[in-house]
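Trainee: Could you walk me through this one before I start on it?
Mentor: Gladly; have it open on your screen while we talk.

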Amino acid sequence: MRIITGMAVLALTAGMAGAQGFELLGGAKLEYKYKEEGGSSNAYLSGYIEGELAGFYAGVWGQVASDDLLDETNLYVGYRNEIASGLSYDIGYTRYYYPSDGGECCGEYTLGLAMPVGPVEGSLDLAHDPQSNLNSAYLGAAWAASDALELSGEFGIYGTEATGSETEWDLGVTYALGQTTAVDFRYYDGSEYADSHFGLALTWDSSLLSR
């Protein structure tokens with residue numbers, strides 16, 4: 001699952017603070033996606049809670065959608081850190097569940113890398129599903145136009161059992177409404193998508209407990 005830049009930045013910042021003690025993070029997102037062809041749409045409400053200690057973390061992420069086949073729960077664990085050069089890394093494992101579409105699905109080992117390159121924050125996310133032997137790779141970039149406004153995009157290639165591989169990409173803008181809330185407008189498209197679509201999301205991410 002992809003997470004918007006604001007949440008990723010919060011998680012990394014909290015991870016650095018968590019090296020001194022325990023950190024409990026939480027967040028939520030309300031998103032509306034509109035398809036150009038046919039005017040169809042779906043609404044999503046998702047949230048997560050995550051605990052971190054000395055860079056090690058574990059959490060649960062859940063989503064309910066207007067189409068219940070898209071309901072999802074993820075359980076994940078991992079370790080994140082940042083080295084002196086500014087390169088941050090995140091190594092983890094995620095297990096996926098679809099309550100209305102078959103139950104337990106599969107799991108992925110993940111590796112995330114991020115580093116500033118001039119004014120742009122570049123990222124690379126890799127995943128491997130050992131059960132189906134499928135892989136995915138996503139390249140992302142984010143540019144802070146101001147303290148509140150960020151432009152970002154991502155391009156990915158992911159494996160499928162039916163076609164071998166597919167591509168998808170998104171491009172959007174995020175505007176921070178405060179320290180913990182933001183609004184995100186994004187365009188999505190891909191080779192496996194029946195229709196391209198737009199998404200409008202309101203997000204909230206915060207540190208719930210630090211000690």
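The chat below goes from the overall fold to strand pairing and then to single residues.

Trainee: What kind of model is this, and how many helices and strands does the protein have?
Mentor: This is a predicted model, and the protein has 1 helix and 12 strands. Read from the N terminus, the order of elements is α-β-β-β-β-β-β-β-β-β-β-β-β.

Trainee: And how much of the protein is buried?
Mentor: Of the 211 residues in the protein, 35% are buried. The exposed surface comes to about 11400 Å², with carbon and sulfur atoms supplying 62% of that area. As for contacts between residues at least 6 apart in sequence, 37% of them link residues that are at least 24 apart.

Trainee: Let's look at the strands, then. How do β6 and β7 pair?
Mentor: Strand β6, which covers residues 103-117, pairs with β7 in the antiparallel sense over 9 bridges. Within that pairing, Pro 116 has Glu 121 of β7 as its bridge partner. The two strands form a hairpin with 2 residues between them, and Gly 118 in this hairpin has a positive phi near 65°.

Trainee: What about the pairing of β7 and β8?
Mentor: β7 and β8 are also paired in the antiparallel sense, over 10 bridges. Glu 121 turns up again here, since it stands opposite Ala 142 in β8. These two strands form a hairpin as well, with 4 residues between them, and Asn 133 lies in the turn.

Trainee: What is the phi of Asn 133, and is the residue buried or exposed?
Mentor: Its phi is positive, at about 55°, although Asn 133 is not a glycine. Most residues other than glycine have a negative phi. Asn 133 sits in the loop between β7 (120-129) and β8 (134-144), and it counts as exposed because its relative accessible area is 55%, where the cut-off is over 50%.

Trainee: Where else should I look for a positive phi in a residue other than glycine?
Mentor: Ala 54 is one of them, with phi near 55°. Ala 54 is placed in the loop between β2 (41-53) and β3, and its relative accessibility of 37% makes it partly exposed.

Trainee: Changing topic: where is Ser 66, and what does Ser 66 contact beyond its sequence neighbours?
Mentor: Ser 66 is in the loop between β3 (56-65) and β4 (72-82), and with neighbours within four places in sequence left aside, it is in contact with Ser 41, Asn 42 and Ala 43. With Asn 42 there is a side-chain to side-chain polar contact of 3.0 Å. Ser 41 is 25 residues from Ser 66 in sequence, while their C-alpha atoms are 8.9 Å apart.

Trainee: Is Ser 66 buried or exposed, then?
Mentor: Ser 66 is exposed, with a relative accessible area of 53%.

Trainee: Last one, Glu 23: which strand holds it, and what is the nearest side chain of opposite charge?
Mentor: Glu 23 belongs to strand β1, residues 22-35. Glu 23 is buried and has no salt bridge, and the nearest side chain of opposite charge is that of Arg 80, at 9.6 Å.

Trainee: What does the side chain of Glu 23 make a polar contact with?
Mentor: The side chain of Ser 207, in a polar contact of 2.4 Å.

Note on methods:
Residues numbered from 1 in each chain as written. Predicted model: local features only at pLDDT ≥ 70, side-chain atom pairs only at ≥ 80, totals over all residues. Heavy atoms only, no water. Buried < 20%, exposed > 50% of the residue type's maximum accessible area, 1.4 Å probe, protein only. Lys, Arg positive; Asp, Glu negative; His and termini not counted. Salt bridge = Lys/Arg side-chain N within 4 Å of Asp/Glu carboxyl O. Polar contact = N/O pair within 3.5 Å; in protein donor to acceptor, adjacent residues only side chain to side chain. Contact = heavy atoms within 4.5 Å. Areas by Shrake-Rupley, 256 points an atom, 1.4 Å probe, with all protein chains shown as cover. Pairing = 2+ DSSP bridges.
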